[in-house]
Amino acid sequence: MSFTAVVSGETAITARGPVREAAERVLGRLWIDQVPVRLASEDPALWPSAATAAVDGRPLCWPGQPGPGRAALDRAGELVADARAAGLTEVALLGRGAPARAAELLARAGGPGAARRPAGAGAPPLTVLDGPEPGPVLRIGDDPERLGRTAVVVTGDDPGTDALRRVFLGMLADLGLSPAEIARRVVTVAAPGSGAAKLAAEAGHPVVEAPAPTAFGALSPYALVPAALAGADVSPLLDEAARVLPALTRPENNPGLVLGAILGGAARAGRRTVVLGGYSAALPGLADWAALLLDEAADGRIVPVVQGGGLPVAPGDDLFLLTLDGRPHQDDATVSGPAAGQLVVWEYAAAVAAYLLDRDPMAPPGRAAPVTLDDGAGDPVLSDGDPGRSVEVHTTDPALAGAPDLGAVLAALAAAVGPDEHLALVAYLDPDEAAGQGAQVRRLAALLAARCRRPVTVGWGARRPAGGNDRPDTGVYLQVTGNADRDVPVPGRHHRLGVLQLARALGDARAVRSDGRPVVRLHLQNRWAGLARLLDSARGG
């Protein structure tokens with residue numbers, strides 16, 4: 001047996017078996033509580049952060065609402081025209097969280113930006129820089145032609161984003177550009193009165209006003225402005241999203257309500273791990289964005305695993321498979337539909353799931369452990385390999401600290417993952433496919449999943465903190481850090497990006513330890529040699 005919610009014959013949600021039963025058990029509560037009407041009316045009483053913002057008169061990004069994005073269309077059009085007149089065809093997006101990943105998704109799937117780039121230009125039209133990893137910054141800065149055709153969009157308002165902003169301002173100045181020319185190339189999307197907006201105003205940079213950021217910003221200026229500058233035609237996407245909205249106000253045949261009931265109901269019933277797979281080639285990046293959205297909105301009550309890297313080897317009663325554009329007769333649940341429609345439905349569903357799990361999804365995204373630059377890394381409990389190419393093992397867990405070599409460390413780590421737990425692999429390395437480190441990390445995740453026979457989530461340090469914030473984690477944590485071949489100094493500061501990267505890892509490790517969870521940090525003296533050694537050790541020699 002299965003049930004399906006369909007909108008205009010396009011967006012469809014299907015569930016079967018225990019997942020369907022779990023969803024049906026909570027749908028009644030959602031109808032009684034009038035959640036569809038309250039979401040459509042942006043009722044601030046739904047969540048504490050929304051209520052606080054309403055009292056302060058501070059608008060927020062609400063789930064699946066394209067209104068703020070549509071209000072910024074004219075301003076975005078002016079910025080696009082200015083960028084094209086200046087020969088700017090690529091975008092470096094300095095921002096974090098699900099909205100930044102949504103901008104990347106829209107730029108890939110929604111526009112002719114690739115056709116506007118010079119022949120032979122292999123770089124994507126939009127590059128998200130969501131942390132202080134030096135590699136992606138150097139790939140832009142080392143190519144004067146690429147840097148010369150790159151617009152910078154700032155959507156973050158945190159110390160890491162400020163460091164990247166300083167680096168790019170310095171690189172643009174090194175090109176010989178005047179302050180006026182630099183100002184034309186740097187656009188800030190921010191809430192009025194925020195720190196980012198004040199910095200932009202002081203520097204004379206264009207500012208696009210937006211509601212205060214939350215996890216829900218896929219159709220807000222935070223995503224649409226950088227996507228438009230990268231070549232996406234965002235107006236039709238907003239029209240497509242608007243066609244879904246009427247279905248989200250009714251209690252029955254509501255795709256967002258059904259998907260939220262599937263996610264939240266399954267988690268309430270003990271199936272809190274959702275494996276996302278079967279992605280549509282027409283919408284690359286959807287699964288990665290949805291996973292980040294769920295992690296931020298549900299604050300750890302749902303554990304999303306993107307199929308392809310850390311797959312669970314054995315099925316379990318605590319997980320289910322949700323396929324994007326998949327086979328409803330075979331999988332636990334499926335979601336299909338056009339691009340903008342899926343963005344709306346997923347945001348709505350994440351909000352519904354958060355409501356069912358008593359979480360506050362309107363809290364600011366990208367919350368992170370404090371960064372302390374003078375917090376040393378400490379001495380390793382083990383150094384495996386030749387000097388200069390070794391893998392250093394850092395841990396305070398007695399059960400892991402006594403391992404004699406790297407293979408034994410990984411074996412002990414896999415054995416520490418309980419039958420209802422997962423292994424969280426967080427890499428503070430270069431996630432870009434061009435660097436090759438991302439593929440190596442995913443291979444490591446697959447090998448570890450085969451060892452522990454449990455899901456392995458793959459994350460990148462800047463995109464989501466590893467613990468803290470009252471997250472009910474049931475994970476064992478493996479951090480991978482590494483020396484950068486080249487580091488990038490931060491103008492006006494006495495540190496480099498690589499130092500910030502390590503400081504972030506140390507802060508996240510402290511947050512995990514404070515939750516009582518096991519954590520191991522493996523530091524690679526040489527990234528390539530270290531990753532090869534890790535893969536060899538994970539294979540068992």
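This report walks through two helices, an aromatic pair and a buried arginine in a predicted model.

**Two helices and their ends**

Let's begin with α10, which covers residues 159–174. With 16 residues at 1.5 Å a residue, α10 should span 22 Å, and its end C-alpha atoms are 23 Å apart, so the two values agree. Many of its side chains are hidden from solvent by the accessibility count: among the buried residues of α10 are Leu164, Val167, Phe168, Met171 and Leu172. The buried set also includes the charged residues Asp162 and Arg165.

Further along the chain comes α22, made of twelve residues, 527–538. From first to last C-alpha, α22 reaches 16 Å, close to the expected 16 Å. Its buried residues include Leu531, Leu534 and Leu535, along with Arg527 and Ser537. What do the buried residues of α22 pack against? Their partners are two helices, α19 (406–415) and α20 (437–452), and three strands, β13 (391–394), β16 (475–482) and β17 (519–524).

The table sets out what happens at the ends of these helices.

| Helix end | Residue | Detail |
|---|---|---|
| N-terminal end of α10 | Asp158 | side-chain oxygen 3.1 Å from the backbone nitrogen of Gly160 |
| Just after α10 | Gly176 | positive phi of about 90° |
| Start of α22 | Asn526 | side-chain oxygen within 3.2 Å of the backbone nitrogen of Trp528 |
| After α22 | Gly540 | positive phi, near 95° |

In the case of α10, Asp158 acts as the cap of the N-terminal end.

**One aromatic pair**

If you look for paired rings, you will find one aromatic pair in the structure. Trp47 and Trp62 form it, with 6.0 Å from centre to centre and 45° between the planes, a tilted arrangement. Where do the two residues sit? Trp47 is in the loop between α2 (35–40) and α3 (48–56), while Trp62 is in the loop between α3 and α4 (67–71), so the pair ties together parts that are 15 residues apart in sequence. Are these tryptophans buried or exposed? Trp47 has a relative accessibility of 3%, so it counts as buried. Trp62 is buried too, because its relative accessible area is 8%, under the 20% cut-off.

**A buried arginine in a loop**

Finally, have a look at Arg149, which lies in the loop between α9 (144–148) and β5 (150–154). Its relative accessible area is 13%, so Arg149 is buried. Which distances separate Arg149 from Thr89? The two are 60 residues apart in sequence, yet their C-alpha atoms are 5.7 Å apart in space.

Note on methods: Residues numbered from 1 in each chain as written. Predicted model: local features only at pLDDT ≥ 70, side-chain atom pairs only at ≥ 80, totals over all residues. Heavy atoms only, no water. Helix = DSSP H or I, 4+ residues; strand = E, 2+ residues; numbered from the N terminus. Buried < 20%, exposed > 50% of the residue type's maximum accessible area, 1.4 Å probe, protein only. Phe/Tyr/Trp six-rings, centres within 6.5 Å; stacked < 30°, edge-to-face > 60°. Expected span 1.5 Å × (residues − 1). Polar contact = N/O pair within 3.5 Å; in protein donor to acceptor, adjacent residues only side chain to side chain. Contact = heavy atoms within 4.5 Å.
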